[in-house]
Amino acid sequence: MTECERIVKEKILPESFFEPEERNGFFVDANRKKTWAILIDLLVRFDRFCNDNHLNYFLIFGSLLGAVRHKGFIPWDDDVDIVMPRDDYNKFTSLAGKIDRPYCIQSYLNESDFFLSFAKFRNVNTTCISKPFSHRKFNQGIALDIFPLDNFENQGAQERFDRIKWLNMQNSTYMRMGNPYLDASSQERIKQHSGRAPLDVLQEIESLVTQFNNKETDKVGVNALTIYSFEKNTWLKRDFDSFDLMEFECCRFRVPCGFEDVLTTTYGDYMQFPPVEKRGGWHNNLIIDPDTPFSEYKI
């Protein structure tokens, strides 16, 4: 039985969910629907796990935007982003041994060879392989991305961001080492790697991103994430004082009480659709197969 078949059998989603359709002028094919189904199932299990263990979380980034603007996935998106206050995040990662297959809590604390500065909640019976890391042995099932939310101060923010970005690049480069199919850009990155041990790098990242957690601040941010500028990752703390439940496809999940301000900070006029040529395509380095376990996938 595939995971999508199990999801239908357990009545998490009806069979009709998997039918291809056009949303906002974008054709959502059957494979994307299957990927969405895996992600929804992960969200349902994650939400239940957080409720059972008194953990707080919020949809964030494109998933929050999808909930508000589309009442579900952005049609051209294929992942889910979650943020957890640092204390809840630390407890969540410490409970990795309390979750049953096919689900898996993944962080550098419980899986060797995995050196990202955030956690993932994966389905081990599926495939979501990052091509640069395809040779690595860690779990590469379809996943929710789980980011810690830390206190933030403006003083020294740009220098701190630049340092964290460099450190993230160090571990991303390290995880490429040994891959015989790298492009020229990745090969050049490996030549310039500092040689620092990845766990040492992660310890410095955590020291930098958590340095204001022992004092009161007006702002919070996903300080470890350096894909966006830090201005887009930083919000007023009061916007996360509580949560609302918002429709996301067939279910309802937590969003920050100040979701309008959060989205405005990150996206500006967030109700405005991007140009057609910018809809999707940012996950082209992933191999996604909802029907095959990553451990059996042949590249």
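1. Strand β8, residues 143-152, is mostly covered in this predicted model. Of its 10 residues, 10 are buried, which means that each has under 20% relative accessible area.

2. Strand β4 (residues 80-85) runs parallel to β8, and six bridges join the two. Within this pairing, Pro 148 of β8 has Met 84 standing opposite.

3. Strand β6, which spans residues 119-123, is joined to β8 by four bridges. The two strands run antiparallel. Ile 146 in β8 is the bridge partner of Ala 119.

4. A further pairing of β8 is with strand β9 (residues 219-221), where three bridges are formed in the antiparallel sense. Here Phe 152 has Lys 219 in β9 as its bridge partner.

5. Which residues touch the most other members of the largest nonpolar core? They are Phe 46, Met 84, Phe 121 and Ile 146, in a core of 78 residues. Helix α2 (residues 30-52) supplies the largest share of this core, with 11 residues.

6. Met 84 merits separate attention. Leaving aside residues up to four places away in sequence, Met 84 touches Phe 46 and Ile 146, both of which are also listed with Met 84 among the core residues that touch the most other members. The contacts of Met 84 also include Phe 147, Pro 148 and Leu 149. Others among them are Cys 50, Leu 55, Asn 56 and Tyr 57, together with Tyr 89 and Phe 92. Pro 148 is thus both a contact of Met 84 and the residue that stands opposite Met 84 in β8.

Conventions: Residues numbered from 1 in each chain as written. Predicted model: local features only at pLDDT ≥ 70, side-chain atom pairs only at ≥ 80, totals over all residues. Heavy atoms only, no water. Buried < 20%, exposed > 50% of the residue type's maximum accessible area, 1.4 Å probe, protein only. Pairing = 2+ DSSP bridges. Core = buried A, V, L, I, M, F, W, Y, C linked by side-chain atoms within 4.5 Å. Contact = heavy atoms within 4.5 Å.
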